[in-house]
Amino acid sequence: MEIKIQSIHFDATEQLKAFIEKKVAKLEKNYEDIQKAEISLKVVKPATALNKETSITVIVPGSQLHVEKTCDTFEEGVDQAVDALRIQLTKFKEKMRK
């Protein structure tokens with residue numbers, strides 16, 4: 001699986017990138033055929049709460065799954081987005097079996 005991280009309006013630290021890669025890599029346990037994961041991190045209105053926007057797009061054969069979360073920290077956003085994607089991938093996998 002190819003993981004692409006894009007940070008908009010700021011520079012992501014190596015620590016944050018490593019955290020994201022570790023979390024996103026775990027999605028392969030739910031669905032092995034993930035081709036690519038695109039993570040987009042964006043700071044909206046820097047001085048407000050809930051200003052970290054995390055969006056993850058996962059590309060699987062024949063489809064594309066997308067999740068967007070807005071939280072106080074990117075780590076929290078990635079956690080929530082990965083959980084939501086895990087549910088989507090499970091449903092997608094069940095659909096493919098039918």
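**Close-up views of helix H2 and its surroundings**

Aspartate 83 and arginine 86 sit three residues apart in helix H2, so about one helical turn separates them. The model shown in these views is predicted.

**View 1. A salt bridge joins aspartate 83 and arginine 86.** The two side chains meet at 3.2 Å, N to O. Aspartate 83 is partly exposed, with a relative accessible area of 43%. Arginine 86 also counts as partly exposed, at 28% relative accessibility. Side chains of opposite charge can pair when their charged atoms come close.

**View 2. Aspartate 79 and lysine 23 form a salt bridge.** The N to O distance is 3.0 Å. Aspartate 79 belongs to helix H2 and lysine 23 to helix H1, so the pair ties together parts that are 56 residues apart in sequence. Aspartate 79 is partly exposed, with a relative accessible area of 29%. For lysine 23, also partly exposed, the value is 24%.

**View 3. Glutamate 38 and lysine 36 meet in a salt bridge.** Their side chains are 3.3 Å apart, N to O. Glutamate 38 is partly exposed, at 27% relative accessible area. Lysine 36 counts as partly exposed too, at 23%. A search of the whole structure finds three salt bridges.

**View 4. Helix H2 runs from residue 74 to residue 97.** Its 24 residues, at 1.5 Å a residue, should span 34 Å. The end C-alpha atoms are 34 Å apart, which agrees with that expectation. Buried residues of H2 are Phe74, Gly77, Val78, Ala81, Val82, Leu85, Leu89 and Phe92. The buried residues of H2 pack against helix H1 (14–25) and against three strands: E2 (36–43), E3 (52–60) and E4 (63–71).

**View 5. The largest nonpolar core holds 23 residues.** Val24, Leu27 and Ile56 touch the most other members. H1, E2, E3, E4 and H2 are the elements that give two or more residues to this core. H2 supplies the largest share, seven residues. In soluble globular proteins, nonpolar side chains tend to be buried together.

**View 6. Isoleucine 56 has contacts in several parts of the chain.** Residues up to four places away in sequence are not counted here. Isoleucine 56 touches Val24, Glu38 and Ile39. Its other contacts are Leu65, His66, Val67, Ala81, Val82 and Leu85. Isoleucine 56 is also one of the core residues that touch the most other members.

**View 7. Valine 82 is a buried residue of helix H2.** Its relative accessible area is 2%, under the 20% limit, so valine 82 counts as buried. Leaving aside neighbours within four places in sequence, valine 82 is in contact with Lys23, Val24, Leu27 and Ile56. Glutamate 14 lies 68 residues from valine 82 in sequence. In space the two are 19 Å apart, C-alpha to C-alpha.

**View 8. Serine 55 lies in strand E3.** Is serine 55 buried or exposed? Serine 55 is buried, with a relative accessible area of 13%. Neighbours within four places in sequence are again left aside for its contacts. Serine 55 is in contact with Glu38, Ile39 and Ser40. Serine 55 also contacts His66, Val67 and Glu68. Glu38, among these contacts of serine 55, is the glutamate of the salt bridge with lysine 36.

Notes
Residues numbered from 1 in each chain as written. Predicted model: local features only at pLDDT ≥ 70, side-chain atom pairs only at ≥ 80, totals over all residues. Heavy atoms only, no water. Helix = DSSP H or I, 4+ residues; strand = E, 2+ residues; numbered from the N terminus. Expected span 1.5 Å × (residues − 1). Buried < 20%, exposed > 50% of the residue type's maximum accessible area, 1.4 Å probe, protein only. Contact = heavy atoms within 4.5 Å. Core = buried A, V, L, I, M, F, W, Y, C linked by side-chain atoms within 4.5 Å. Salt bridge = Lys/Arg side-chain N within 4 Å of Asp/Glu carboxyl O.
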